[in-house]
Amino acid sequence: MSSLPYSQSCENNRTAIAAVLERSFAQVRHVLEVGSGTGQHAVHFAKLLPHLIWQTSDQLDYHDGINAWIAAEPSTNLRAPLVLDVTKPWPITQFEPAVVDGIFSANTLHIMSKGMVEAFFAGIGKHLAKGGHFCVYGPFNYNGEYTSDSNRNFDQWLLQQNPQSAIRDIEWISELAATQGLELIEDHPMPANNRLLHFEKKR
Ligand SMILES: C[S@@+](CC[C@H](N)C(=O)[O-])C[C@H]1O[C@@H](n2cnc3c(N)ncnc32)[C@H](O)[C@@H]1O
């Protein structure tokens with residue numbers, strides 16, 4: 001069996017995220033997670049939220065780790081990862097239903113380039129059912145302003161890793177979302193100066 005990749009931040013933030021998802025995804029049945037990373041969030045949320053089918057996904061490099069976590073902590077409602085790069089056609093027709101009523105993603109929008117974030121929202125517009133919910137967790141700015149010194153330092157570190165990566169403005173994310181019929185209905189403060197944005201697809 002592959003060794004289990006480990007993210008300390010996933011362990012730190014999973015309880016607070018799950019508490020929000022329990023309410024935001026209360027009416028949801030099929031969740032697609034984009035950028036599952038290590039797979040730690042998926043095994044935790046699938047266990048705590050048994051009314052959901054939790055479909056993991058990520059770029060192929062991450063699949064061994066996600067599969068290892070699923071093998072270590074299986075749940076009947078947890079699905080093996082799809083190969084999903086937001087800039088390519090989403091392989092969503094591989095499972096039933098062909099559209100989902102929930103999409104979740106953590107710590108991805110600041111890693112992706114602006115073009116990738118735009119592609120991400122185009123994919124959400126296409127594959128999230130009307131009335132569906134999109135929840136995205138991570139650090140965000142308001143009108144270009146950092147919410148903390150730690151986020152400012154983190155953004156400088158991100159820039160050094162990849163000039164295309166950056167903490168995104170909630171205003172820009174909300175505008176992109178609106179082009180796909182999504183409305184920001186809740187902006188939850190989270191520990192460690194993060195936010196969880198909850199969008200609903202109105203059309
Ligand atoms: C910082 S990790 C976050 C992983 C995990 N969600 C977490 O919270 O620990 C960023 C994730 O974004 C994913 N990602 C980056 N670019 C992507 C793309 N173009 N399409 C899909 N996922 C992408 C990476 O593969 C990685 O899993």
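**Ligand contacts, central sheet and flanking helices**

In this predicted model, a nitrogen atom of the ligand is 2.8 Å from a polar backbone atom of Ala 106. Two further polar contacts to nitrogen atoms of the ligand can be described. A backbone N or O atom of Val 86 lies at 2.9 Å from a ligand nitrogen atom, and a polar side-chain atom of Asp 85 is placed 3.1 Å from a nitrogen atom of the ligand. The ligand is surrounded by 17 residues in total. The closest of these are Gly 35, Asp 58, Gln 59, Val 86 and Ala 106.

The strands are considered next. An open sheet is formed by 7 strands, arranged in the order β3-β2-β1-β4-β5-β9-β8, and its pairing is mixed. Strands β3 (78–83) and β8 (182–190) occupy the edges; each has a single partner strand, and therefore one side of each is left without a neighbour in the sheet. From one strand to the next, the twist averages 20°.

Both edge strands can be followed to their partners. Strand β2 (residues 53–58) and β3 run parallel and are joined by 4 bridges. Within this part of the sheet, Ser 57 stands opposite Leu 82 of β3. At the other edge, β8 pairs with β9 in the antiparallel sense, over 8 bridges. Met 190 has Asn 194, in β9, as its bridge partner. The hairpin of β8 and β9 has 3 residues between the strands, and in this hairpin Ala 192 takes a positive phi near 60°.

Helices are also placed against the sheet. Helix α2 lies across β1 (30–33), β2, β3 and β4 (100–106), and runs at about 175° to β2. Helix α4 (residues 114–127) lies across another set of strands, namely β4, β5 (128–138), β8 and β9 (194–201), with a direction at about 150° to β5. Strand β4 is thus among the strands crossed by α2 and among those crossed by α4.

Helix α2 also packs against a second helix. Two packed helices are described by the angle between their axes and the distance between the axes. For helix α1 (residues 8–24) and helix α2 (residues 40–48), the axes come within 10 Å and cross at roughly 40°. This crossing is right-handed. On the α1 side, the contact involves Cys 10, Glu 11, Asn 13, Arg 14, Ile 17, Ala 18 and Leu 21, which meet Gln 40, His 41, His 44, Phe 45 and Leu 48 of α2. The residues of this contact comprise 6 nonpolar, 4 polar and 2 charged.

Technical notes. Residues numbered from 1 in each chain as written. Predicted model: local features only at pLDDT ≥ 70, side-chain atom pairs only at ≥ 80, totals over all residues. Heavy atoms only, no water. Axes fitted to C-alpha atoms, helices over the stretch in contact; angles between N-to-C directions. Helix = DSSP H or I, 4+ residues; strand = E, 2+ residues; numbered from the N terminus. Left-handed = near helix turned anticlockwise from the far one by under 90°. Contact = heavy atoms within 4.5 Å. Nonpolar A, V, L, I, M, F, W, Y, C, P; charged D, E, K, R; others polar. Pairing = 2+ DSSP bridges. Near = heavy atom within 4 Å. Polar contact = N/O pair within 3.5 Å; in protein donor to acceptor, adjacent residues only side chain to side chain.
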